[in-house]
Amino acid sequence: MATLTGSKKIKTAVFISGKGSNLKNLIKFSKTKKSPISIDLIISNNFKAKGLVFGKMFKIKKKVFNFQNKFISEKSILLELKNNKIDLICLAGFMKIISKNFIKNFKGKILNIHPSLLPKYKGLNTHQRAIENNEKFSGCTVHYVSAKLDSGKIILQKKVKIKQNENKKSLEKRILAQEHKLYPKAILKVLNL
Ligand code: GRF
């Protein structure tokens with residue numbers, strides 16, 4: 001993992017596809033004194049991602065790649081990351097699976113947040129599946145990204161109790177609130193802070 005030299009913050013890119021509440025939260029964290037990171041780049045595969053608004057709001061450079069050709073998009077993203085001296089990538093609701101080759105270029109420097117207690121409920125629709133299976137708990141996980149979907153080494157998890165009569169929306173909301181606490185903690189942990 002990247003290391004901190006002097007007072008320089010680690011240049012970080014956040015990848016999003018949707019509403020970007022984790023992005024917003026990471027930006028806020030990055031502006032606190034204790035933050036070892038700065039958010040310097042926002043990457044998306046979706047021109048309509050609501051979270052892109054935070055680029056404008058916080059004056060952070062944003063770039064969208066359409067992924068019609070994954071190889072070409074990833075190559076352009078890698079160039080963009082290099083040009084911006086990015087040393088850490090945080091996936092936050094990014095709906096594209098990134099390739100082995102891409103991961104190789106940022107080995108041990110790509111984190112993801114997933115809304116379940118991995119290894120349970122990899123993939124999509126996690127809250128619905130947890131409720132249908134009568135789980136007592138669900139939660140969220142920050143993990144390193146590996147070539148296998150939602151399977152890289154776990155960094156931190158937070159358990160959330162599933163209430164009686166819980167629905168997908170209510171659980172999602174409560175877990176998202178925990179995600180916002182967990183991601184900054186996980187970043188501090190991987191940087192040994
Ligand atoms: C979060 O639940 C995250 O765990 C998952 O996608 C969702 C993104 O939400 N990977 P947001 O765009 O950060 O609000």
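1. Start with Pro119, which sits in the loop between strand 5 and helix 5 (126-132). This is a predicted model, and in it the peptide bond from Leu118 to Pro119 is cis. The omega angle there is near 10°, so have a look at that bond when you zoom in on the loop.

2. Stay in that loop for a moment. Tyr121 is also placed between strand 5 and helix 5. Its phi is near 55°, a positive value in a residue other than glycine. Is Tyr121 buried or exposed? With a relative accessible area of 12%, Tyr121 is buried, because the cut-off for buried is under 20%.

3. Asn125 belongs to the loop between strand 5 and helix 5 as well. Here phi is positive, about 55°, although Asn125 is not a glycine. As for accessibility, Asn125 comes out at 46% and counts as partly exposed. The reason is that partly exposed covers the range between the buried limit of 20% and the exposed limit of 50%.

4. Now step back to the strand that leads into this loop. His114 lies in strand 5, which covers residues 110-114. At 4% relative accessibility, His114 counts as buried. Its side chain makes a polar contact of 3.4 Å with the side chain of Asp150. Which residues does His114 touch, leaving aside those up to four places away in sequence? The list is Tyr121, Lys122, Gly123, Thr126, Gly139, Cys140, Thr141, His143 and Asp150. You'll recognise Tyr121 from point 2, and it is one of the residues that His114 touches.

5. Next, Met95, in the loop between strand 4 and helix 4 (100-105). Met95 is exposed, with a relative accessible area of 52%. Not counting residues up to four places away in sequence, Met95 touches Ser17 and Leu124. Met95 and Leu124 are 29 residues apart along the chain, and their C-alpha atoms are separated by 9.6 Å.

6. Helix 1 deserves a closer look. How many of the ten residues of helix 1 (residues 21-30) are buried? Seven are, so the helix is largely enclosed by the rest of the structure. The buried ones are Asn22, Leu23, Asn25, Leu26, Ile27, Phe29 and Ser30. What do they pack against? On the strand side, the partners are strand 1 (10-16), strand 2, strand 4 (88-91) and strand 5. On the helix side, they are helix 2 (53-57) and helix 6 (168-190).

7. Ser38 ties in with that helix. You'll find Ser38 in strand 2, residues 37-44. It touches Lys9, Ile10, Lys11, Thr12 and Ser30, with residues up to four places away in sequence left out. Ser30 is one of the buried residues of helix 1. The side chains of Ser38 and Asp40 are joined by a polar contact of 2.7 Å. Try finding Leu88 too: Ser38 and Leu88 are 50 residues apart in sequence, yet 9.8 Å apart in space, C-alpha to C-alpha.

8. One more serine to check is Ser73, in helix 3 (residues 70-83). Ser73 is buried, with a relative accessible area of 5%. Beyond residues up to four places away in sequence, Ser73 touches Phe65, Asn66, Phe67 and Gln68.

9. Zoom out to the whole fold. The protein has six helices and seven strands. From the N terminus, the order is β-α-β-α-β-α-β-α-β-α-β-β-α. The radius of gyration is 16 Å, close to the 16 Å that the globule rule gives for 193 residues, so the protein is as compact as a globular protein of that length. Along the principal axes, the C-alpha atoms fill a box of roughly 50 × 40 × 30 Å.

10. Finally, the inside and the surface. Buried residues make up 48% of the 193 residues. Take the contacts between residues at least 6 apart in sequence: 63% of them join residues at least 24 apart. The protein exposes about 10,900 Å², and carbon and sulfur atoms supply 54% of that. As for charge, there are 42 positive and 10 negative charges, and their mean positions are 5 Å apart.

Technical notes: Residues numbered from 1 in each chain as written. Predicted model: local features only at pLDDT ≥ 70, side-chain atom pairs only at ≥ 80, totals over all residues. Heavy atoms only, no water. Helix = DSSP H or I, 4+ residues; strand = E, 2+ residues; numbered from the N terminus. Rg over C-alpha atoms; globule rule 2.2 N^0.38 Å. Buried < 20%, exposed > 50% of the residue type's maximum accessible area, 1.4 Å probe, protein only. Contact = heavy atoms within 4.5 Å. Areas by Shrake-Rupley, 256 points an atom, 1.4 Å probe, with all protein chains shown as cover. Lys, Arg positive; Asp, Glu negative; His and termini not counted. Charge placed at Lys NZ, Arg CZ, Asp CG, Glu CD. Polar contact = N/O pair within 3.5 Å; in protein donor to acceptor, adjacent residues only side chain to side chain.
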